[in-house]
Amino acid sequence: MPESLREKESAEERSDRQQRHEGTQPSNNIVSLISQFADDNLTLVRNISTGLAVVGVVLISRSIKLLTKFQAASEIPAHFIERNVRLCAKVRDVKERGLEVEHVPIHLPLLSSLLSKYKCANSSFMLVHLAGVELTPEGSLWLQKNLFPAQTVWIKLISREDDILHCLVFQNRRWMWSYCINEEVLRLGLARTAPVVGLLPDHRFYWSLHKRLHRAEVRAERKGQGLWKQDTRWERVSKAVRDTALFRLVKRIFKRS
């Protein structure tokens, strides 16, 4: 009786092993076929992988406007402005209303050339206003002297008003060091702080921007820079004397003589 049970168990084990072998054999055959195909067509597989990667980069770039050249303020996505994205631009002219700039998108040698074929070659300029700043006439002259055509600047989007972008404008000075032009004109006394158009006090960026610009204006006022410059004591005394009636009378007497 025990021998018959052992024979029965061994027969069942052999049957189970045979079934498992038969079940795994097709999957092993599929894997070996795929591996063999990949080995025989290595160049094709690499080209397909590269093509899929390029297509993926193009789709991602187009979806996030990474390679898009903006021709007007209205073309900039709303979430760019909400997140205060920085854009690279080239200065074209300095106007009374602000800076005329040309957007410079991120350049990828192959993809940028492919996408540019389907776009208009004509370039239009965007108007950028220094956010939170009211320039004096001297401030406008300073901008014209310090911002040259084709010079590269970075604009940090703050808000949009019709066709005008209100931005913080950054310019490189030495190597990787840059400075904010909005703060610079305030620091030199060439402008006054002004409300930022389109930015409400409950916005996360409002108070930090206001504090930043106000600090630059206070510094100019303390140093007597630009429009905050005060006359010396001698200049005030001389002006007071010239404004007196006695001085004007003496001046008329000498003129007659």
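Start by selecting Cys180: with a relative accessible area of 5%, Cys180 is buried (buried means under 20% relative accessible area, exposed over 50%, partly exposed in between, with a 1.4 Å probe and protein chains only). Before going further, keep in mind that this is a predicted model, in which local features need pLDDT of at least 70, side-chain atom pairs count only at pLDDT 80 or more, and totals for chains, interfaces and linings use all residues. Residues are numbered from 1 along each chain as its sequence is written, and side-chain values use heavy atoms, with hydrogens and water left out.

Now add Cys88 to the selection. Cys88 also counts as buried, at 15% relative accessibility. How many disulfides are there in this model? The count comes to zero, where a disulfide is a pair of cysteine sulfur atoms within 2.5 Å.

**The whole chain**

Zoom out and colour by secondary structure. You should find nine helices and eight strands; helices (H or I, at least four residues) and strands (E, at least two) are DSSP runs, numbered from the N terminus. Of the 257 residues of the protein, 28% count as buried. Take the contacts (heavy atoms within 4.5 Å) between residues at least 6 apart in sequence: 69% of them join residues at least 24 apart.

**The nonpolar core**

Next, select Ile76, Leu143, Leu157 and Ile181. These are the residues with the most contacts inside the largest nonpolar core, which has 42 residues. A nonpolar core here is a set of buried Ala, Val, Leu, Ile, Met, Phe, Trp, Tyr and Cys residues joined through side-chain atoms within 4.5 Å. Strand E6 (residues 164-174) gives the most to this core, with five residues. Centre on Ile76 and show what surrounds it: leaving aside neighbours within four places in sequence, Ile76 is in contact with Phe70, Ile81, Leu87, Met126, Leu157, Arg160 and Leu165.

**Helix H5, two sides**

Move to helix H5, residues 137-146, and pick out Gly139, Trp142 and Leu143, which are buried. Why do these three sit on the same side of H5? They cover an arc of only 100 degrees around the axis, the arc being that of the directions from the helix axis to the C-beta atoms. An α-helix has 3.6 residues a turn, so residues three or four places apart point the same way. Turn to the other side of H5 and you meet Pro137 and Lys145, which are exposed. Leu141 lies in H5 too and is partly exposed, with a relative accessible area of 48%. If you draw a distance from the C-alpha atom of Leu141 to that of Glu96, 45 residues apart along the chain, it should read 9.8 Å.

What do the buried residues of H5 pack against? Show strands E1 (86-94), E2 (99-103), E3 (126-130), E4 (133-135) and E7 (177-180), together with helix H6 (181-187).

**Strand E3 and its partners**

Keep E3 on screen. Four of its five residues are buried, so E3 is largely enclosed by the rest of the structure. E2 and E3 run antiparallel and are joined by three bridges; two strands pair if DSSP finds at least two bridges between them. Among the residues to label here, Val101 has Met126 in E3 as its bridge partner. E3 and E6, in contrast, run parallel, with four bridges between them. Label Leu130 and you will see it opposite Cys167 in E6.

**Ser159 and Gln151**

Select Ser159 in strand E5 (residues 152-161). Ser159 counts as buried, at 3% relative accessibility. A polar atom of the Ser159 side chain lies 2.4 Å from the backbone oxygen of Val197. Residues up to four places away in sequence aside, Ser159 touches Ile81, Ile164, Leu165, His166, Val197 and Gly198.

Then step back to Gln151, in the loop between H5 and E5. Its side chain has a polar atom 2.9 Å from the backbone nitrogen of Phe148. Beyond four places in sequence, Gln151 touches Ala89, Lys90, Val91, Asn146 and Gln171.

**Last stop: Gly226**

Finish in the loop between helix H7 (206-223) and helix H8 (233-242), where you will find Gly226. Is Gly226 buried or exposed? At 40% relative accessibility, Gly226 counts as partly exposed. Setting aside neighbours within four places in sequence, Gly226 is in contact with Leu188 and Gly189. The C-alpha atoms of Gly226 and Arg187 are separated by 8.9 Å, with their positions 39 residues apart along the chain.

Note on methods: Polar contact = N/O pair within 3.5 Å; in protein donor to acceptor, adjacent residues only side chain to side chain.
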